[in-house]
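Here are my notes on this one, jotted down while going through the strands and helices. Have the viewer open and follow along point by point.

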Amino acid sequence: MKLKSRSVQNSGIPTASMADIAFLLIIFFMVTISFEVDKTQVTLPTTKIRFEIPKEAAYVSITESGKIRVSSGEEISVVVGSADDVLSFAASVVGTYPGRPFVLKADRGVPYEYVDRVIDSLKQSKAEVIYLLSQQETVGEDPAEAGG
Amino acid sequence: MKLKKDTISDEIPTSSMADIAFLLIIYFMVTTTFAATRGLDFSLPQEEETQPLVEKEESILIEIRPGGAIYVDDNPMELEDILEDYIKEKLEANPTKPVIIRPDPNAEYGHMVDVFDELRQAEEKIGFEIRNVSIPTQREIDMFWY
């Protein structure tokens, strides 16, 4: 009688598909990555209603101390001196990219007069839509206390 | 003497492929930032030569004072009561009535957004949308407020 040969167990971990999985993950990150044009650190207000902001949008950010940065959406944001500079910036954006929305990224604690001047500049430059950037308000959260 | 023959592998060496791929993954994971890309939209009226004057009696005026106190047509109100207790009744009689948000220059921007967000939830809370919400700037108030 012929004896059955003893089966040999492979002691290695099969890693042949590792590269496939890794490349799939890389493709996922490459597709979803978006480079932020404005990295100003602000505490955003929280809202329940939120709409997706178009990818091609100009940014105006205002920090709690009133420092303003602008970006047309094509380059990294730069600091501007005053709301008058925002007007000339916005006018050039509207002239170059008609219909481009503006995103207002303001700290929730900034005095409204700073925001008022920026909104006024955007209105005067014939901007059509402003998005007030916000964070999602969670259930049961008091909007008055949100964001510290 | 036995000569040793060099054997050349006909396979592409792929053993380091996974290492390279994982390095790229780590790079993307570190550089990816999950940015807030949502917010409240706010359509701006296009300026005309002659601005229509809005009579105070024809609109609902929401004032936001420093500290966040809210006054609706001079009546102090809590944020969550504005729609149910006041605006619903007013707009049922006249759905086109403009609602004007007027924050004090020293009020916090966050309080203005809270009020605007509340008004945008009108359809969910009181069953109909507020068609005409405006936030005039100080320049517009100085020019057109009677």
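1. Start where the two chains meet: strand 7 of chain A pairs with strand 1 of chain B (residues 38-43) in the antiparallel sense, over 5 bridges. If you want a pair to click on, take Leu132(A), whose bridge partner in strand 1 of chain B is Leu40(B). Keep in mind that this is a predicted model.

2. Now look at what strand 7 does within its own chain. Strand 6 of chain A (residues 102-106) runs parallel to strand 7 of chain A, and 3 bridges join them. Val103(A) has Tyr131(A) of strand 7 as its bridge partner. The connection goes by way of helix 3 of chain A (residues 112-124): strand 6, helix 3 and strand 7 of chain A make a right-handed β-α-β unit.

3. Is strand 7 of chain A, residues 129-133, enclosed or open? Of its 5 residues, 4 are buried, so the strand is largely enclosed by the rest of the structure. For background, 32% of the 148 residues of chain A count as buried.

4. Zoom out to the whole sheet. It is open, has 7 strands with mixed pairing, and reads 2(A)-1(B)-7(A)-6(A)-3(A)-4(A)-5(A). Strand 2 (51-52) and strand 5 (78-80) of chain A stand at the edges; each has a single partner strand, so one side of each lacks a neighbour in the sheet. For strand 2 of chain A, 2 bridges join it to strand 1 of chain B, and the two run antiparallel. Glu52(A) is bridged there to Arg38(B).

5. Next, the helices on the sheet. Helix 3 of chain A packs on it, touching strand 3 (58-62), strand 4 (68-71), strand 6 and strand 7 of chain A. The direction of helix 3 makes about 160 degrees with that of strand 3 of chain A. Chain B brings a helix too: helix 3 of chain B (residues 109-120) lies across strand 6 and strand 7 of chain A together with strand 1 of chain B. Against strand 1 of chain B, helix 3 of chain B runs at about 80 degrees.

6. Last, chain A as a whole. Its secondary structure comes to 3 helices and 8 strands, in the sequence pattern α-β-β-β-β-β-α-β-α-β-β. As for contacts in chain A between residues at least 6 apart in sequence, 70% join residues at least 24 apart.

How values were computed: Residues numbered from 1 in each chain as written. Chains lettered and ligands numbered in written order. Predicted model: local features only at pLDDT ≥ 70, side-chain atom pairs only at ≥ 80, totals over all residues. Buried ≥ 20, exposed ≤ 12 C-beta atoms within 10 Å, placed from the backbone. Contact = placed C-beta atoms within 7 Å. Pairing = 2+ DSSP bridges. Right-handed = clockwise from strand over helix to strand, strands pointing away. Axes fitted to C-alpha atoms, helices over the stretch in contact; angles between N-to-C directions.
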